[in-house]
Amino acid sequence: MQDMPLLGLNPSHVTYASDYFEAMIDAATQLIEQGFLYADDTPVEEMRKQRLTKQASAAHDRPAADNVTSWKEMQTGSAVGQRFCLRFKLNPAAENGCMRDPVAYRPITEPHYRTGHQYHVYPTYDFAAPWCDAAEGVSHALRTLEFRDRDELYTTVQHELLSLYPHWKPSTIWEFPRIHMAYTPQQKAQQKALLAAGLVQGPNDPRLPTIRGLLRAGCHPEALRAFLLEQ
């Protein structure tokens, strides 16, 4: 966010998914009651195997009332609640693996960096992204090609959310490819490792492909913007 003004981009305001945690929990409860979400306590490895072999979980057809009870238990942070996750009720046999009942909410005991210990369940990206985009009136969601398999899930979730909030509008997905630069560490993990080892001066090191690094290396902001738009 600090680097955006360097490219002439000045956001009007900044929002966080955590701004909507309470509203998301309310929406999840309603979606459980509508049969779009269900609580599942299948062990992780077994769940992974079921998804790979296109098998439905034993919890797939649990009554909504039982799912709501488990969902409430998850929110308490209890040992019983931590055994569950909340999953989208889609198609376990779908060709697109992303549509085989992926996880929508997980219990997490660690404190959140903004909300502390206020919540014990957190939405996955697959739930939070379409929710926030629709809630904030995002007309075009910019998603890299690596999310293409999950785009079907994104639009499906938004469609269900519109049944709860008829005044919301669906977002149009705009795809774009990730830019690959040879012989330079693009991944955050790689850059953090270099920083931790003291091998680079900081995020503005001209050897790093960060915005500040590229500008310090002599790349003009307009040239960088033109390069990005041409990809």
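How many helices and strands does the chain have? In this predicted model, the chain has eight helices and six strands, and when these elements are read along the sequence they follow the pattern α-β-α-α-β-β-β-α-β-α-β-α-α-α. Taken along the principal axes, the C-alpha atoms fill a box of roughly 60 × 40 × 35 Å. Of the 231 residues in the chain, 35% are buried, and among the contacts between residues at least 6 apart in sequence, 60% join residues that are at least 24 apart.

**The sheet**

Four strands form an open sheet in the order β1-β2-β3-β4, and the pairing between them is antiparallel. Strands β1 (37–40) and β4 stand at the edges, where each has a single partner strand, so one side of each is left without a neighbour in the sheet. Direction ignored, neighbouring strands of this sheet are turned by 25 degrees against each other on average.

As general background, strands of a sheet pair through backbone hydrogen bonds, either parallel or antiparallel. Here, strand β2 (residues 85–88) and strand β3 (residues 103–107) run antiparallel and are joined by two bridges. On this side of β3, Leu 86 stands opposite Tyr 105, while Arg 87 has Val 103 as its bridge partner in β3. Strand β3 also pairs with strand β4 (residues 121–123), again in the antiparallel sense, over three bridges. Which residue of β4 stands opposite Tyr 105? That residue is Pro 123, and Tyr 105 of β3 thus has Leu 86 opposite it as well as Pro 123 in β4.

**A helix pair**

The axes of helix α1 (residues 21–33) and helix α5 (residues 148–164) come within 11 Å and cross at roughly 95 degrees. Because angles of 65 to 115 degrees count as roughly perpendicular, α1 and α5 are described as roughly perpendicular to each other. On the α1 side the contact is made by Ala 27, Gln 30 and Leu 31, and on the α5 side by Glu 160, Leu 161 and Leu 164. By character, the residues of this contact divide into four nonpolar, one polar and one charged.

**Loop residues with positive phi**

Two loop residues deserve a look at their backbone angles. Lys 54, which is placed in the loop between α2 (44–52) and α3 (64–76), has a phi near 60 degrees, a positive value in a residue other than glycine. Asp 101, in the loop between β2 and β3, likewise is not a glycine and has a positive phi of about 50 degrees. Is each side of this pair buried or exposed to some degree? Lys 54 counts as partly exposed, at 32% relative accessibility, whereas Asp 101 is buried, with a relative accessible area of 2%.

**Cysteines**

A disulfide is a covalent bond between the sulfur atoms of two cysteines. A search of the whole structure finds zero disulfides. For Cys 98, which is in no disulfide, the nearest cysteine sulfur is that of Cys 85, at 16 Å; for Cys 132, also in no disulfide, the nearest is that of Cys 98, at 19 Å. Since a disulfide requires cysteine sulfur atoms within 2.5 Å, neither of these distances qualifies. Cys 98 is nevertheless buried, with a relative accessible area of 12%, and Cys 132 counts as buried at 12% relative accessibility.

**A buried glutamine in helix α6**

Gln 191 has its place in helix α6 (residues 188–196), and at 14% relative accessibility this residue counts as buried. What does Gln 191 touch, not counting residues up to four places away in sequence? Its contacts on that basis are Pro 185, Gln 186, Leu 208, Pro 209 and Thr 210.

**Accessibility compared**

The table below collects the accessibility of the individual residues discussed above.

| Residue | Relative accessible area | Class |
|---|---|---|
| Lys 54 | 32% | partly exposed |
| Cys 98 | 12% | buried |
| Asp 101 | 2% | buried |
| Cys 132 | 12% | buried |
| Gln 191 | 14% | buried |

Technical notes. Residues are numbered from 1 along each chain as its sequence is written. This is a predicted model: local features need pLDDT of at least 70, side-chain atom pairs count only at pLDDT 80 or more; totals for chains, interfaces and linings use all residues. Side-chain values use heavy atoms; hydrogens and water are left out. Axes are lines fitted to C-alpha atoms, for helices over the stretch in contact, and angles run from 0 to 180 degrees between N-to-C directions. Angles under 35 degrees count as roughly parallel, over 145 as roughly antiparallel, 65 to 115 as roughly perpendicular and the rest as oblique. Contact means heavy atoms within 4.5 Å. Ala, Val, Leu, Ile, Met, Phe, Trp, Tyr, Cys and Pro count as nonpolar, Asp, Glu, Lys and Arg as charged, and the others, Gly among them, as polar. Two strands pair if DSSP finds at least two bridges between them. Buried means under 20% relative accessible area, exposed over 50%, partly exposed in between (1.4 Å probe, protein chains only).
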